[in-house]
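The exercises below go from the overall fold to a binding site and then to single residues. Please work through each task with the structure open before reading its solution.

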Amino acid sequence: MKQIYRNVKKCRICSAKNMVKYLDLGKMPLTNLLVEPKNKNKPELKFPLDILYCKNCSLSQLSIVVNPEILFSKYVYRSSIPKTFQDHCAQIADKASEIVNPGRNKLVIDIASNDGCLLYQFKNKGFEVIGVEPAENIAKIANANGLKTICSFWDIETSNKILQRYGKARIITATNVLAHVDDLNTFLKAVGILLDEDGIFIVEVPYLYDILSKSEFDTVYHEHLSYFLVSPLKKLYDNNKLKIFRIEKYPIHGGSIRIYSSKKFFEEDDSVKEFLKFELDKKLYEIKTYKSFEIKVKKVKNELIKLLIELKRKNKKIAAYGASAKGNTLLNYCCIDSKLVDFIADDTPEKQGKLAPGSKIRIVDSSYLNKEKPDYILLLAWNFSEEIMRKTNDIYRRKVKYIIPIPSVKIVQI
Ligand code: TMP
Ligand code: ZN
């Protein structure tokens, strides 16, 4: 892809052209393209951010695809920062090794392995691990930590290269990456090349039902091209000769599904049919279900702005925690800038010292909480609320109140 972005004209799973827009968040900057302070006054590139629903297969998808080279070649996201996610990865490794009962073949491939958070857990269990990660700066960190990582996007060529050098993989994992992929069929074909006949392919994605029912509109950003239900996923897997045999639900990232598949080796359990029935019962295959989403999203926006303005009027100091991708969608959609929020604390070294895109709020390390003593902390990474509240409560010895924006704006104190 040479151009900066392209418009989506047909569904990425079923190729149908009858797609309907149901959420329009306006034009937004790219959420992980943080701004250097010296460029504060330079205009940023902004792109439309809205979701289309495919009337044929029910896949929700962005109306544009931004060139992945721009989005992912240098990256600021580190998956191992939240302890909650580390624990979640340990659970993935436990479950996976229960299912495959590792004997002879112990090769695990993690696609979009980031800094090796999941690879680390598999390695601890005695597996041989290889990661594939396109961001050069992040792949370097994993390699420096002894977690072998190939710096590349996941494609047929990379899959073949691994196959020739290391043989077939017993477990292939892809957590929080399928939503980022434009050509899903090639992605799965590349998995098929490398997966052993008795191997498993594990995918985790945010579940669209949770996004809709809990007003998690901030999960929408240019990196997330698709918003998944089980039904379109099943179609995609069937087309690529992978059989989904189990689906589980987890609270991570606001509600995610974990999809286990194989090359016909494992028997399908009841969970697959149960999910399909659930989606049918919840009317997720009908466009009218989606129409109310934007109304709920606007309500969050109005309540949050009203609260922040009211607090400012009372001379309260407000900071935020977690310069997450979703946080930037939320700030920009709600028109929140440094007049309302003084700074964003984040433990990711790659983010500190930069400005959040659009809002231009400065990102700092968490010691600023003690230095600047805010009265309120807006939890932008609300998906890790418990962990952040525990952590900040320990380091910050003032009575602070937390604002949790999603699913609806509330103030909590611990
Ligand atoms: P995510 O929701 O996309 O995973 O992003 C979470 C963000 O919050 C990420 O920028 C890291 C940050 N974070 C911290 O800085 N400290 C923490 O303790 C946690 C849980 C998250
Ligand atoms: Zn479709």
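The radius of gyration is taken here over C-alpha atoms, and the globule rule that serves as its reference is 2.2 Å times the number of residues to the power 0.38. This is a predicted model, in which local features need pLDDT of at least 70 and side-chain atom pairs count only at pLDDT 80 or more, while totals for chains, interfaces and linings use all residues. Residues are numbered from 1 along each chain as its sequence is written, chains are lettered from A and ligands numbered from 1 in the order in which they are written, and side-chain values use heavy atoms, with hydrogens and water left out.

**Exercise 1. Compare the radius of gyration of the protein chain with that of a compact globule.**

Step 1: for 414 residues the rule gives a radius near 22 Å, and the protein chain has 21 Å, which agrees with a compact globule. Step 2: along the principal axes, the C-alpha atoms fill a box of roughly 65 × 50 × 45 Å. Step 3: buried residues, meaning those under 20% relative accessible area (exposed is over 50%, partly exposed in between, with a 1.4 Å probe and protein chains only), make up 57% of the 414 residues. Step 4: counting as contacts heavy atoms within 4.5 Å, 72% of those between residues at least 6 apart in sequence join residues at least 24 apart. Step 5: the secondary structure comes to 13 helices and 19 strands, where helices (H or I, at least four residues) and strands (E, at least two) are DSSP runs numbered from the N terminus.

**Exercise 2. Describe the shell around ligand 1, by class and by the helix that gives the most to it.**

Step 1: a residue belongs near the ligand if one of its heavy atoms lies within 4 Å of it; of the 19 residues around ligand 1, Tyr77, Asp346, Asp347, Lys351 and Lys391 come nearest. Step 2: by class, the shell has eight nonpolar, five polar and six charged residues, with Ala, Val, Leu, Ile, Met, Phe, Trp, Tyr, Cys and Pro counted as nonpolar, Asp, Glu, Lys and Arg as charged, and the others, Gly among them, as polar. Step 3: helix H13 (residues 385-395) gives the most to the shell, with three residues. Step 4: oxygen atoms of ligand 1 lie 2.7 Å from a polar side-chain atom of lysine 351, 2.8 Å from a side-chain N or O atom of asparagine 383 and 2.5 Å from a polar side-chain atom of lysine 391. Step 5: the protein covers 98% of the 480 Å² of accessible area that ligand 1 has on its own, as given by the Shrake-Rupley method with a 1.4 Å probe.

**Exercise 3. Is tyrosine 396 buried or exposed, and which residues does tyrosine 396 touch?**

Step 1: tyrosine 396 sits in the loop between H13 and strand E18 (401-404). Step 2: tyrosine 396 counts as buried because its relative accessibility is 1%. Step 3: not counting residues up to four places away in sequence, tyrosine 396 touches Leu369, Asn370, Lys373 and Pro374. Step 4: the C-alpha atoms of tyrosine 396 and lysine 373, 23 residues apart along the chain, are separated by 8.3 Å.

**Exercise 4. Place isoleucine 318 in the secondary structure and determine its burial.**

Step 1: isoleucine 318 lies in strand E14 (residues 318-321). Step 2: with a relative accessible area of 0%, isoleucine 318 is buried. Step 3: beyond residues up to four places away in sequence, isoleucine 318 touches residues including Leu308, Phe343, Pro374 and Tyr376.

How values were computed: Polar contact = N/O pair within 3.5 Å; in protein donor to acceptor, adjacent residues only side chain to side chain.
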